[in-house]
Each structure stands twice: as structure tokens, then as C-alpha cells.
Amino acid sequence: MGDTTFRSVYFLGIGGIGMSSIARYFLKLGIKVAGYDKSPTSLTDQLISEGMEVHFSEDPSKIPDDVELAVWTPAVPKEHAEYRYLSEKGIPIRKRAEILGEIASPFNTIAVAGTHGKTTTSTMIAHIFRTAGKPTLAFLGGISKNYGTNFFQLAVGSQQLADSQTHHLTTSPPHHLTTCIVEADEYDRSFLHLTPDIAIITSMDADHMDIYSDPGKLKQSFSDFAGKIRTNGSLILRKGVDIPVEPFGGVSRFSYSIDGVADFYAKNRTLDAGLIRFDFVTPEKIFPGFILGMPGQFNLENAIAALATGWIAGIKEEELKRAMQSFTGVVRRFDIRIKRNDFVYIDDYAHHPEELHACFQAVRELYPGKHITGVFQPHLYSRTRDLADDFARVLAELDSLILLDIYPARELPIEGINSTMLLEKINLSDKLLCKRTDLLDILEERHPEVLLTLGAGDIDKYVKPITERFSTE
């Protein structure tokens, strides 16, 4: 399908972070792009301003007549009226993961997988390659704060990564000249559509049990992903990630760690004014004097994975250093929105117990002795059910907890699984269940010292109002 031409592409679920990056890619090719999403967001506002047609009602009459390809995310059910309409009309409907795999296939592909850490790591890698001036195409799972987008391309000299005259699904640049950096999503085994030259696995905690049913199947899926690496490629595994990888042709295997006994790690770490200084250890030599432009030990671990990728790809020491120091992060990934002596506000996408724990550790390290209030919106009934005890243990690390209702996303309610059930499990004296409509008033009454908003649902809609409410003081 790589040589098929298109003039008009339609996206069912265009506002998703993964869908929107592909929509931006097609628009850059000069292809007409339109789509549906459930509700407007700041991201859909941006897509409209860039020239895409987006609507928010389930209405087949709003689908352009000239659509030749539909891209679909499983977050939209097949019973959706627009899905049924496209199917009945015989318009090809392709999953997002399939399309991303085909786009990436002719490129030198770097794919970052993991149940957490992959968005920041892939964005760091993209920033390294862009800082080094390497021809790069990037599909990210978050909005880069350096570039204000989840998709970008960098062409060097006369080379063009997207020729607007071809309108092909994929382009065919010289394989060794252009790098495509992608976030490899384990949900629904999406990452098995990729054939990377370099694959990074940041973590493999129990998650998405609605898809995998048991941790063994999740582990096997990551093993299958590693098995997709091209001959003479590289696999970079965080130390402690244990997956069954069968020997396969000419693939080099590396480990990384935040400190010690790995192929890549950080040495001589110090925290200075919220920034982490460290030396970068590689299998061949130690590169001293690195500075990470954002706080958090978990971000340092992500940085080691990104630096290892850059080192393997042959990027020079000074370019690696410049990229690390200038990296400003990802929206909703330990995103410091307000920083005053009397008040700090951090927004984070954390929605898994391990992510929450890493976030809380980083906050304690940065603001020792401060009272920490967390506003958490659980994401998915199934995840809340499967990890309830772990959520309860980790959320008890806060000083105060404000718990919102579960964000259902693609799921229907599960009997007995709700935020009240979770709240009762949490061993914390200062905890309460809050309606979203009451959140701003409750925060104003409490006036927290350090405030965290946490979750992968629509809690992000409150980031701007909270920022505006507390920025004026």
C-alpha cells in the first residue's frame, strides 16, 4: 500500500495524541485531512487552525464525499455510526498502528516502547536528533514543549521528507539518511506493526490487562516486539526489564540504568537548583559534564536511554550535551506550571501506580518538607480494578488526596468499581472524593503548598483554569 496515492483522508478519533500526529503528517504531504472526535480540546483547536476539518457530533453526513482512506482508533467503537457508514461505502478503514507502521517502514526507525517512560524518552531522542541537525521525522505520544507539537519533520539541504507532489502514504528517502522516531504503543499490540532499527524498552509493568489478561502475555508481546528489530539493529533495555528474547540475526543488545552495572548509566549525579548534573557512562568511555534541563530522577533514567540511542546512532558528544541541557520536557509530563516560594503547581500524566510513585519521589526530592496535595483522576474501570491495592498503597504517599471519579475512556462501567471503593482502600487521614465541578472551589479553600494534578483522562481540562486561578496571587 506504500505506493497508493490519496487526496483525502478521514480520521475517526482525530483528537487522540497518536492519531493527531499522523493527521499532521498527511496534512504536511498536502493531503486533505478531516475527522471526528468526541469533544473539542486544545489539541483539536490546533488541528483546525492548521487547516483540518474537525467535527464533534456522530454524524455521517459530515464526512467529506471525497474520502479515500479512513484511519481508525479502537477508542472509537465499531458500532459508531460513522464507522458503519464508512464500512458500508467500502472505504478502506485502517487502524492507526497499521498506518504508522507503513509510514515508518522505509525509514531508519527508532521505536520506544514501555508501559511508562516512552513518551518522554522518544521526545528526548527526537530533540537530540533535531539538535544535531539530522534528517528526522517524529511521531510522539505527547506535546513537546520545545516545539509545541507531537509531530515534526526536519529536512536537511535539498532532501525533503515529504514531497507534496506525490501524496503517497509513505515516502521513500534513502534508508540510511532519514530517521523516523516513534512511540511504540503496547496497547492492543500496536507496536507489532513496527520494524525498528533501534528499539528501546523502558518498562514492562502489569497494565492493559483488559487486552493481555495476564502478565505473561504482556511479556510475550514485548518479546515479539523485540523480535521485529531489523538485522544488525540494536535493542536497548532498561536494567531489570526481563523479557524472553530469542537470539536473532545480528542484533546488538544493550542495557541502561540510572546508576551502575549496565552498558549505559549516570555517574557522579548531583542536584543543583533543580537541575541534574551527571557524567554519562558508555561501553567505551565516560563523557563528563552533562546537565539535564528538567528535574526528576525518573527523567534522568529516560535521558540515559535517549543518550544511549544517540550514542549508538553516532551523534557527537557536544551535540548530546547541548540537547540534554536545552530539553524542556513534554506537556503533562512533570510539567511545572507555577513555581513560587509559597506555591508550586505540577501537572503530570501519571495513571499507573509506578508512574505515580516516581512522580511523588521527584516532588519530595525537589520540595523536601513541603505539604503535597494530589488531585488524581483514575483512568479506566479495568485498570482501577486490577491495580486497586497498588493505587491505594501509592496514593497514601501523599499528604492530602483529592480523588475524582473514574474516567471511563473506551470502557463501560464495571459493577462495584468506582472511586468510592478506591478511596476506602487508601490509608490516608486527609482524603476526599470530589466532583470535578467543585474542584476549583475546593482548591481555593485549601490553598495547597504543592499541588499535583494527575491522570490520563480529561483532568487536563482543569490545568489552564487552575493555572489562571493561582497565577494571579
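Visitor: Where does asparagine 150 lie?
Guide: Asparagine 150 lies in strand 8. Keep in mind that this is a predicted model.

Visitor: Buried or exposed, that asparagine 150?
Guide: Buried: the relative accessible area of asparagine 150 is 0%.

Visitor: OK, and what does asparagine 150 touch?
Guide: Leaving out residues up to four places away in sequence, asparagine 150 touches Ile17, Ser20, Ser21 and Arg24, and also Ala138, Phe139, Leu140, Gly142 and Ile143.

Visitor: Which side chain makes a polar contact with the side chain of asparagine 150?
Guide: That of arginine 24, in a polar contact of 2.5 Å. There's a backbone atom to look at too: the backbone oxygen of isoleucine 17 lies 2.8 Å from a polar atom of the asparagine 150 side chain.

Visitor: How far is asparagine 150 from histidine 371, going by C-alpha atoms?
Guide: Their C-alpha atoms are separated by 34 Å, and the two residues are 221 residues apart along the chain.

Visitor: Back to strand 8. How does strand 7 pair with strand 8?
Guide: Strand 7, residues 136–144, pairs with strand 8 in the antiparallel sense, over 5 bridges. If you want a spot to click on, alanine 138 stands opposite phenylalanine 152 in strand 8.

Visitor: What's the strand order in the sheet of 10 strands?
Guide: The order is 8-7-9-6-10-11-12-13-14-15, in an open sheet with mixed pairing. Strand 8 (149–154) and strand 15 (286–292) stand at the edges; each has a single partner strand, so one side of each is left without a neighbour in the sheet. The twist averages 20° from one strand to the next.

Visitor: How many residues of strand 6 are buried?
Guide: In strand 6 (residues 108–113), 5 of the 6 residues are buried, so strand 6 is largely enclosed by the rest of the structure.

Visitor: And what joins strand 6 to strand 9?
Guide: 6 bridges, with the two strands running parallel. Within that pairing, alanine 111 has valine 182 of strand 9 as its bridge partner. Strand 6 also pairs with strand 10 (residues 198–201), in the parallel sense over 4 bridges. There, isoleucine 110 is partnered with isoleucine 198.

Visitor: Switching topic: where does threonine 121 lie?
Guide: Threonine 121 lies in helix 5, residues 118–131. Threonine 121 is buried, with a relative accessible area of 0%.

Visitor: What does the side chain of threonine 121 reach?
Guide: The backbone oxygen of glycine 117, at 2.7 Å. Not counting residues up to four places away in sequence, threonine 121 touches Val112, Thr202, Asn302, Ala305 and Ala306.

Visitor: Now the sheet of 6 strands. What's its order?
Guide: That open sheet runs 16-17-21-18-19-20, with mixed pairing. Strand 16 (335–339) and strand 20 stand at the edges, each with a single partner strand, so one side of each has no neighbour in the sheet. Neighbouring strands here are turned by 15° against each other on average, direction ignored.

Visitor: Which strands does helix 14 touch when it packs on the sheet?
Guide: Helix 14 (residues 439–446) touches strand 18, strand 19, strand 20 and strand 21 (450–454), and its direction makes about 165° with that of strand 19. Helix 15 (residues 463–471) packs on the sheet as well, touching strand 16, strand 17 (344–348) and strand 21, and its direction makes about 20° with that of strand 16.

Visitor: What about strand 19, are its faces covered or open?
Guide: Both faces of strand 19 (residues 400–403) are covered. Ser400 and Ile402 on one side and Leu401 and Leu403 on the other are all buried.

Visitor: Which sense does strand 18 take against strand 19?
Guide: Parallel, over 4 bridges, with strand 18 spanning residues 372–376. Glycine 374 has leucine 401 of strand 19 as its bridge partner. Strand 19 and strand 20 (residues 431–433) run parallel too, joined by 3 bridges, and isoleucine 402 is partnered there with leucine 432.

Visitor: Last one: at what angle do helix 10 and helix 12 pack?
Guide: Helix 10 (residues 353–366) and helix 12 (residues 388–395) pack at about 5°, with their axes 9 Å apart. Helix 10 and helix 12 are therefore roughly parallel to each other. Helix 10 brings Pro353, Leu356, His357 and Phe360 to the contact, and helix 12 brings Asp390, Phe391, Val394 and Leu395.

Visitor: How many of those contact residues are nonpolar, polar and charged?
Guide: The split for helix 10 with helix 12 is 6 nonpolar, 1 polar and 1 charged.

Technical notes: Residues numbered from 1 in each chain as written. Predicted model: local features only at pLDDT ≥ 70, side-chain atom pairs only at ≥ 80, totals over all residues. Heavy atoms only, no water. Axes fitted to C-alpha atoms, helices over the stretch in contact; angles between N-to-C directions. Parallel < 35°, antiparallel > 145°, perpendicular 65-115°, else oblique. Contact = heavy atoms within 4.5 Å. Nonpolar A, V, L, I, M, F, W, Y, C, P; charged D, E, K, R; others polar. Buried < 20%, exposed > 50% of the residue type's maximum accessible area, 1.4 Å probe, protein only. Polar contact = N/O pair within 3.5 Å; in protein donor to acceptor, adjacent residues only side chain to side chain. Pairing = 2+ DSSP bridges.
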